[in-house]
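Student: I'd like to practise reading a fold with you, one feature after another. Could we look at the model together?

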Amino acid sequence: MDLVIFDCDGVLVDSERLSVGIDRRVLAEFGWLLTEQQIVHRFVGRSAGAFRQELERFLGRRLPDDWEQPFQPWYRDAFEQELVAVPGIIAALDAVTEPMCVASSGSHEKIRRSLRVTGMLNRFDGRIFSADDVALGKPAPDLFLHAAEQMGVSPDACVVVEDSRFGVRAARAAGMRVLGFAGGLTPARWLREEGAEVFEDMSDLPDLIRG
């Protein structure tokens with residue numbers, strides 16, 4: 001492999017439990033009551049735009065452009081106060097010798113904030129790609145193909161580290177090998193069904209990358 005492409009949320013930073021809990025609160029404000037697993041299945045790995053589209057479909061109406069404004073402090077405060085790196089990821093990154101980048105469904109601001117809070121920004125600065133950079137977010141392959149192109153690497157020489165079924169689907173559609181991290185909220189079987197090589201301990205990652 002010539003390039004390792006990391007998702008951010010749930011792979012580098014342990015944010016999924018924080019985000020899903022707040023997502024439940026936000027959706028409940030609009031009368032949409034979903035369980036944690038339902039939110040994981042429907043939303044984890046997708047962009048904020050996809051979240052909005054699903055909510056508008058549920059409501060049967062358009063939301064104003066600033067609809068998220070009252071809820072942004074909920075996410076920001078939780079991330080600033082509680083966000084930590086995924087257990088074992090720092091040691092795994094230290095052991096990875098291949099070039100690395102980040103390709104995440106979050107905005108550039110969100111990705112950079114998460115990496116800064118967890119002390120990883122300097123590892124990826126200048127090699128961060130967001131769903132905001134492409135027309136279609138995950139599960140479309142656009143973001144991973146964009147990352148590979150910007151890094152000057154052929155898609156078939158990339159390995160993607162993902163934790164969501166939408167992310168795995170996107171990487172597979174891009175023609176990339178996918179390692180599915182099942183140490184978070186997404187069940188291993190969901191990742192396996194999408195075609196990922198599943199693992200649950202970040203200490204295994206460097207050896208898996210080398211194949």
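Student: What length does helix α3 reach from its first C-alpha to its last?

Tutor: Keep in mind that this is a predicted model. Helix α3 covers residues 48-59, twelve residues, and spans 16 Å from first C-alpha to last, close to the 16 Å expected at 1.5 Å a residue. Just after α3, Gly60 has a positive phi of about 75°.

Student: Which residues of α3 are buried?

Tutor: A general idea helps here: an α-helix has 3.6 residues a turn, so residues three or four places apart point the same way. In α3, the buried residues are Ala50, Phe51, Arg52, Glu54, Leu55 and Glu56. Their cover includes α1 (16-29) and α2 (36-43).

Student: Now the nonpolar core. Which members of the largest one touch the most others?

Tutor: In soluble globular proteins, nonpolar side chains tend to be buried together. Here the largest nonpolar core has 30 residues, and Phe6, Leu12, Ile89, Leu115, Phe124 and Leu205 touch the most other members. Among the elements giving two or more residues to this core are β1 (3-6), α5 (89-95) and α11 (205-210). The most comes from α5, with three residues.

Student: What does Leu205 contact, leaving aside its neighbours within four places in sequence?

Tutor: Leu205 is in contact with Phe6, Ile89, Ala92, Val161, Leu179 and Phe199. Apart from this core lies another, of 24 residues, including Leu3 and Met176.

Student: Why is Cys158 not bonded to Cys101?

Tutor: Because their sulfurs are 7.4 Å apart, too far for a bond, although Cys101 holds the closest cysteine sulfur to that of Cys158. Cys158 is buried, at 1% relative accessible area. Searching the whole structure gives zero disulfides.

Terms used. Residues are numbered from 1 along each chain as its sequence is written. This is a predicted model: local features need pLDDT of at least 70, side-chain atom pairs count only at pLDDT 80 or more; totals for chains, interfaces and linings use all residues. Side-chain values use heavy atoms; hydrogens and water are left out. A nonpolar core is a set of buried Ala, Val, Leu, Ile, Met, Phe, Trp, Tyr and Cys residues joined through side-chain atoms within 4.5 Å. Buried means under 20% relative accessible area, exposed over 50%, partly exposed in between (1.4 Å probe, protein chains only). Helices (H or I, at least four residues) and strands (E, at least two) are DSSP runs, numbered from the N terminus. Contact means heavy atoms within 4.5 Å. The expected span of a helix is 1.5 Å times one less than its number of residues. A disulfide is a pair of cysteine sulfur atoms within 2.5 Å.
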